[in-house]
Amino acid sequence: MASRPATHRCAFVLLLLTIPVLMFPDSTTTKERTVTKLADGVYEIRHPDAPDTFPQSNTIVVIGERDVLVVDSCLLPSAAKQDIAQIKQWTNKPVSYLVNTHWHFDHTGGNATYAAAFPGIQIIAQKATQKTIADFNQGAMDRYPTRAERFKKVLDSGKAPDGTPLTAVDRADYERSLNGLGDVVAEFKSTKQLNPNVSFERELIIDLGNRMVEIRHIGRGNTAGDTIVYLPKEKILATGDLLDHPVPYMFGGFPVDFVETLWKLQEFDASTIVPGHGDVLHDKSYIQQTRELMRAVNVEVEKEINEGKTTEEVQAELPKRLDVKKWKDQFAGSDQDSQGFFEQSFAGLVKQAYVQIKMR
Ligand SMILES: [Zn+2]
């Protein structure tokens, strides 16, 4: 995810006091840091959202006999620092490789922190990702403080950027984002974006010492340079934001290609699947669910384009043609945050599908 708009935040605080967290379904909001052991020497770290509610990517740590490889450095340098301290407790081997699964800065913000801790580290990205990070990310970080003006405008006008009136929950959410922005900006002021120094086109295979890691670009989806990381022996697959749980990230990208890329993702012999955000998955049903949603939208958008509809008409009519509530329930369940995120993400999907199909 690159720029999740502020969404509803649910208040399950009272319930959380009495029921173990694991009993809750996954949410697009992440409140705490968790570490999950996926296999001997392979870990997933999930990060709490930044103080301004911006999401942070999952990080995967793969320890070999000689070297360590990390997938995605998450958003905040302070979170990357915490991860590095954790890695040093697990092993005295150096992090020699860091893979950025795509250019969104919630996956790259900690690059410089890793480089400072492990001089000589190779930061790896697909060619398109390497170029976009070099062209765009530093500027985006420098513009990050302007989010304050956008948030203030929304709060002053009482309307979200799409013109819908703010609910009390929305307002509280924007206020929280605004209040937390200072801490995030302060972190970025003292840390620069570091660009990947190694690129590949289709695949790169690395032996960490009795541990093979396959780094592959299997097609476009969320971005032009989406990258997956696969451990064939352990059957572990890290997907970046090709897969986000419990709600797909669909604000940009290439919805037509996305369906094909998710088909390819399903073909991997994987029993542990780590999405870019959200809970670790243990079967492929969520890949299929995501693919079916995107395919259904693509089919319907194409029909409407063939009927001569404009993008605005498609945006207005498609929710009536497709049972959007059914999809929302299927992905978001009863979690308010996830529901709000689904609505925004779905609108993004329709918009992008229109753009890509129209251009064919
Ligand atoms: Zn992301």
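# Exercises on a predicted model

The structure holds 14 aromatic pairs. Rings of Phe, Tyr and Trp (its six-membered ring) pair if their centres lie within 6.5 Å. This is a predicted model, in which local features need pLDDT of at least 70 and side-chain atom pairs count only at pLDDT 80 or more, while totals for chains, interfaces and linings use all residues. Residues are numbered from 1 along each chain as its sequence is written, and side-chain values use heavy atoms, with hydrogens and water left out.

## Exercise 1: an aromatic pair

Task: classify the ring pair of tyrosine 144 and phenylalanine 188, and find where the two residues are.

Solution. Let us start with what we need. A pair of aromatic rings is described by the distance of the centres and the angle of the planes.

- Step 1: recall the classes. Planes under 30 degrees apart count as stacked, over 60 as edge-to-face and the rest as tilted.
- Step 2: apply them. The ring centres of tyrosine 144 and phenylalanine 188 are 5.4 Å apart and the planes stand at 70°, so this pair is edge-to-face.
- Step 3: locate the residues. Tyrosine 144 is in the loop between α4 (127-143) and α5 (147-157), and phenylalanine 188 is in helix α6 (residues 168-189). With their positions 44 residues apart, the pair links distant parts of the chain. Helices (H or I, at least four residues) and strands (E, at least two) are DSSP runs, numbered from the N terminus.
- Step 4: check the surroundings. Both tyrosine 144 and phenylalanine 188 are buried. Buried means under 20% relative accessible area, exposed over 50%, and partly exposed in between (1.4 Å probe, protein chains only).
- Step 5: look for a charge. The charged end of arginine 147 sits over the ring of tyrosine 144, 4.8 Å from its centre. For this, NZ of Lys or CZ of Arg must be within 6 Å of the ring centre and within 35 degrees of the ring normal.

## Exercise 2: two helix pairs

Task: how do α5 and α6 run relative to each other, and how do α8 and α10?

Solution. Two packed helices are described by the angle between their axes and the distance between the axes.

- Step 1: know the ruler. Axes are lines fitted to C-alpha atoms, for helices over the stretch in contact, and angles run from 0 to 180 degrees between N-to-C directions.
- Step 2: read the values. α5 and α6 pack at an angle of about 155°, with their axes 10 Å apart. The axes of α8 (residues 285-306) and α10 (residues 324-332) come within 12 Å and cross at roughly 160°.
- Step 3: classify. Angles under 35 degrees count as roughly parallel, over 145 as roughly antiparallel, 65 to 115 as roughly perpendicular and the rest as oblique. Therefore α5 and α6 are roughly antiparallel, and α8 and α10 are roughly antiparallel too.
- Step 4: add the handedness. α5 passes α6 in a left-handed crossing, and α8 passes α10 in a left-handed crossing as well. A crossing is left-handed if the near helix is turned anticlockwise from the far one by less than a right angle, and right-handed if clockwise.

## Exercise 3: walking across a sheet

Task: what is the strand order of the open sheet, and which strands are its edges?

Solution.

- Step 1: list the strands. The order is β8-β9-β10-β11-β12, with mixed pairing. Two strands pair if DSSP finds at least two bridges between them.
- Step 2: find the edges. β8 (203-207) and β12 (272-274) each pair on one side only.
- Step 3: follow the bridges. β8 and β9 are antiparallel over five bridges, and leucine 204 has isoleucine 215 as its partner in β9. Three bridges join β9 to β10, again antiparallel, and here isoleucine 215 is partnered by valine 229. β10 (residues 228-231) and β11 (residues 236-238) run antiparallel with three bridges, and leucine 231 stands opposite isoleucine 236.
- Step 4: check burial. Four of the five residues of β9 (residues 212-216) are buried.

## Exercise 4: unusual backbone

Task: which residue in the loop between β8 and β9 has a positive phi without being glycine?

Solution. Most residues other than glycine have a negative phi, and most peptide bonds are trans.

- Step 1: asparagine 210 lies in that loop, and its phi is near 55°.
- Step 2: at 55% relative accessibility, asparagine 210 counts as exposed.
- Step 3: compare cysteine 74, with a positive phi near 60°; at 0% relative accessibility, cysteine 74 counts as buried.
- Step 4: for a cis peptide bond, go to histidine 245 and proline 246, where omega is near 5°.
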